[in-house]
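Subject: Structure handover

Hi there,

Here is the structure I promised to pass on to you. Could you open it alongside this email and follow along?

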Amino acid sequence: MKVVADICITPVGAGVSLSAYIAACERILGDRGLNPRLHAYGTNVEGEWDAVFEALRLCHEKVHAMGAPRIQTSIRVGSRTDREQGMDERVESVRRRLAEDAGD
């Protein structure tokens, strides 16, 4: 089953700057072919259910190996069975609606 997920992995007890941990996870997500889209408070990914959750496990393993004693992860996952719709199409649908509304 294909999913779109919003993931926020937060190392706890790892200091103030978290960019090295985030970059490590971005590499993992990209290497797994999940089309990561970094945003200010997390990353959106799309892919098969098992691939997304396997990459999440790998991120946890990597962040722990980098020295973070604890990790807090928030994740939202969406799926649909009526048709396949990726992240770009979802965003474009809203942008089209906004453009239509601006013309009123």
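Below is what I found, going from the sheet to the helices, then to the cysteines and one loop residue.

Please keep in mind that this is a predicted model.

The sheet

The sheet is open and is built from 4 strands in the order 2-3-1-4, with antiparallel pairing. Strand 2 and strand 4 stand at the edges; each has a single partner strand, so one side of each is left without a neighbour in the sheet. From one strand to the next, the twist averages 25°.

Strand 3 is a good place to start looking. Residues 42-48 make up this strand, and 5 of its 7 residues are buried, so that strand 3 is mostly covered. On one side, strand 3 runs antiparallel to strand 1 (residues 2-12), and 6 bridges join the two. If you want a pair to click on there, K2 has E48 in strand 3 as its bridge partner.

Strand 3 also pairs with strand 2 (residues 37-39), again antiparallel, through 3 bridges. Strand 2 and strand 3 form a hairpin, with 2 residues between them. Within this hairpin, R37 has N44 as its bridge partner, and L38 stands opposite T43.

The helices on the sheet

Which strands does helix 1 lie across? Helix 1 (residues 19-31) lies across strand 1, strand 2 and strand 3, and runs at about 15° to strand 3. Helix 2 (residues 49-65) lies across strand 1, strand 3 and strand 4, and its angle to strand 4 is about 165°.

These two helices also pack against each other. The angle between helix 1 and helix 2 is about 145°, and their axes are 9 Å apart. Helix 1 passes helix 2 in a right-handed crossing. On the helix 1 side, the residues in this contact are Y21, A24, C25, I28 and L29; on the helix 2 side, they are A55, L58, C59, K62 and V63. By class, the contact has 9 nonpolar residues, no polar ones and 1 charged one.

The cysteines

You may wonder how many disulfides the model has. The count comes to 0, with a disulfide taken as a pair of cysteine sulfur atoms within 2.5 Å. For C8, the closest cysteine sulfur is that of C25, and at 10 Å it is too far for a bond. C59 is in no disulfide either: the nearest cysteine sulfur, again that of C25, is 3.5 Å away. Both C25 and C59 appear in the contact of helix 1 with helix 2 described above.

Are C8 and C59 buried or exposed? C8 counts as partly exposed, because its relative accessibility is 25%. C59 is buried, with a relative accessible area of 0%.

A loop residue

Finally, have a look at T81. T81 sits in the loop between strand 4 (70-79) and helix 3 (87-102). Because its relative accessibility is 79%, T81 counts as exposed. Along the chain, T81 and K2 are 79 residues apart, while their C-alpha atoms are separated by 8.9 Å. K2 is the residue whose bridge partner in strand 3 is E48, which brings us back to the sheet.

Happy browsing, and do write back with any questions.

Best wishes

Methods. Residues are numbered from 1 along each chain as its sequence is written. This is a predicted model: local features need pLDDT of at least 70, side-chain atom pairs count only at pLDDT 80 or more; totals for chains, interfaces and linings use all residues. Side-chain values use heavy atoms; hydrogens and water are left out. Buried means under 20% relative accessible area, exposed over 50%, partly exposed in between (1.4 Å probe, protein chains only). Two strands pair if DSSP finds at least two bridges between them. Axes are lines fitted to C-alpha atoms, for helices over the stretch in contact, and angles run from 0 to 180 degrees between N-to-C directions. Contact means heavy atoms within 4.5 Å. A crossing is left-handed if the near helix is turned anticlockwise from the far one by less than a right angle, and right-handed if clockwise. Ala, Val, Leu, Ile, Met, Phe, Trp, Tyr, Cys and Pro count as nonpolar, Asp, Glu, Lys and Arg as charged, and the others, Gly among them, as polar.
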